[in-house]
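Dear colleague,

Please find the structure below, with its sequence. A short account of some backbone features follows it.

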There are 2 protein chains.
Amino acid sequence: MRDMKNGTKRPTIKDIARESGYSKTAVSFAFNDPGRISEKARDQILLTAERLGYIPDPMARNFSLQRHLSIGFLLPQMVQYSLKNPYTLEVIAGIGAVCEKMGYTLTIIPPLHKSLALAVRNAAVDGLITLGSQIDGDIITVMQTRLLPFVMIDGPADEATSSVHIAEEEAAYTQMKAALDYGHRSIAIIGLASATFAIEQESQSVAAKRMQGYHRALGEVGLHFDDVNCLVSECTLEDGRRTAARLLAQKTLPTCVVTMSDIVAIGCITAFREAGVAVPDQISVVGFDNIEEAMTITPALTTIDQPAAEKGKLGAKTLFSIIEGRQEEPVHHQIEYRLVLRDSLKQL
Amino acid sequence: MRDMKNGTKRPTIKDIARESGYSKTAVSFAFNDPGRISEKARDQILLTAERLGYIPDPMARNFSLQRHLSIGFLLPQMVQYSLKNPYTLEVIAGIGAVCEKMGYTLTIIPPLHKSLALAVRNAAVDGLITLGSQIDGDIITVMQTRLLPFVMIDGPADEATSSVHIAEEEAAYTQMKAALDYGHRSIAIIGLASATFAIEQESQSVAAKRMQGYHRALGEVGLHFDDVNCLVSECTLEDGRRTAARLLAQKTLPTCVVTMSDIVAIGCITAFREAGVAVPDQISVVGFDNIEEAMTITPALTTIDQPAAEKGKLGAKTLFSIIEGRQEEPVHHQIEYRLVLRDSLKQL
DNA sequence: CGGGCTATGAAAACCGGTTTAGTATCTCTA
DNA sequence: TAGAGATACTAAACCGGTTTTCATAGCCCG
């Protein structure tokens, strides 16, 4: 009997076959289809496996079965940004909950050598979920070439791509309208990093659609982008604070700051507080997302609620239905948003 | 020429070999070791690959190379709990940042059929990071049997296991002492779900070590567990609120609540606020972890700072050094904690 | 002009499982 | 008692790459 106990290498199915006196096939059956062999053989094999410390190699198994038992989540930005954004994290949690139910793992895929397309090329997953607008043609090409099922959340999805999203333009319109309805006319907008203030462009990006909504709401009271203070911030608490500092450095403060993200809004509130500027008495702040913290901060944040966890769940469910072949045609889930009025927006 | 464009299956290396007139070997070289073949052959092959939409199968490649290019993070609890805990998320972000740098993906591993050990058996990863005390012998046995490198964060690590942690007993002592130093004698403790109030047991779990620290601090002012109100909460905002409700339902309120987790502390604060109980004027609250929100909530939370992201980074770095064979002996990183005094703890 | 070296590429083994196809034996039935 | 069918098992093919080993041709050099 070959001494394998202290060998540096793990025993394989072949070792168990040899040691137990049965064939590879029999060993495989013992683990995967016990009824297929005799009780005696099964016991022999399982005992041998136990004795040698044999555990079937998951990768070999997955490879043979042509599956991964994992779906991928494509990080919209570098890890240090993405995984600090509570909205993103809530989406991930939603995806994760479905994965758990399905017996899959969830692979977080950061850019590889700064390239998301490269990361997708190498991703060992059964399907992908993307979040946000940073998804360019290269990435889509790779996914399609690999025949990798994918679902876009908040992304620039065309007709052929399954997606989950809210009515961005309308939601942004609603958000801005709330500020205007409360009497605010001196307004600052803090957009996402990818936002552009050239309304003409036909971009499918979330930021662009929201800008269109802002534009429409402002137009209804006779305002234009030229009349508002337009800034841009990374989607992090820190950068929200920095952006608020930029506002504070200007001569005149707006009466209301409309942001595209709660995390930025919260950054602003803390920065204002530290600068001795009272929210909402001196300045109102409106957020977007309704993350959990929007409720706990003082003052509680007026914001647009979009069910992030629900988005993640729906995205994951959709992906699994494609993976399992239950879904042939692309689907586009539009889910509900909702204005949540809290203390951070003050009636003028 | 075989028509492959609209076939339902992806082309393999064999197809490219046949179509280009070269061998599998040559195709492999074209992608991985271009200098090994002639320029002409390389161009031919790459062109053919492009034309047929060939991308090497990552799983086959990884299988052949006996690697995964992914490390696993073992979720301490069910997804819906784990991924709602900011502390856990910060640790994950730290791990993720290192993964990104190393060109690895991060696989989130939820329990499989309620079993973490089973999930570990099947995990397709090069190594594992665990968090918390829920790691039992079965899980460790599987990791060892699979010869899977692993690092424990906040875990019950023995000498043979690489780990990252703070001095739990001492940190808890410091936390409790702060409350006592501020004059509090009527105290409630809200422990982690796994906490037990039988101080005698020699458990290695975080909760047990912290209880020992509490016990020591209380003892110094002549108090004992019998004199304090001991509760237990899941590590979620929601359960924190429920636990606060249980406190509120009792006849007498303590003057100070000492929790093992910021997220629970914040849940308590919001519950107290909603019940009209002023923090810290009527009741003080002390947290543990110093998550980002501890600073933004009103009143700002007095807590023990432990650098979660740093823990994740250090854990991941350690794991990679084991995977790459640079680290033979197990290492135990003990990192610094720090008491952060803020408004939620009031001098009596 | 023969021996050795380099450049180029193909054949076959290998990674560790699963599965198909097939064989030998035993049991039941007509 | 022959044939059909079930049972228990094995050999070999397969998943799609990488890598080792080997073959051939061309070249340089003494």
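**Unusual backbone geometry in chains A and B**

A:D289 belongs to strand β9 of chain A, which covers residues 284-289. Please note before reading further that this is a predicted model.

Although A:D289 is not a glycine, its phi is positive, at about 130°. The residue A:D289 counts as buried because 28 other C-beta atoms lie within 10 Å, the cut-off for that class being 20 or more.

In chain B, B:D289 likewise has a positive phi of about 130° without being a glycine. Its place is described as the loop between β9 and α13 of chain B. B:D289 is also buried, since 27 other C-beta atoms are found within 10 Å.

Two peptide bonds in chain B deserve your attention as well.

- The bond that leads from B:V279 to B:P280 is cis, and its omega is near 5°. B:P280 sits in a loop of chain B, with α12 (262-274) on one side and β9 (284-286) on the other.
- The bond that leads from B:T298 to B:P299 is likewise cis, with omega near -5°. B:P299 lies in the loop of chain B that runs between α13 (293-296) and β10 (303-305).

When you open the model, I would suggest viewing B:P280 in the loop between α12 and β9, then B:D289 in the loop between β9 and α13, and then B:P299 in the loop between α13 and β10.

With kind regards

Definitions and conventions
Residues are numbered from 1 along each chain as its sequence is written. Chains are lettered from A and ligands numbered from 1 in the order in which they are written. This is a predicted model: local features need pLDDT of at least 70, side-chain atom pairs count only at pLDDT 80 or more; totals for chains, interfaces and linings use all residues. Helices (H or I, at least four residues) and strands (E, at least two) are DSSP runs, numbered from the N terminus. A residue is buried if 20 or more other C-beta atoms lie within 10 Å of its own, exposed if 12 or fewer, and partly exposed in between; C-beta atoms are placed from the backbone.
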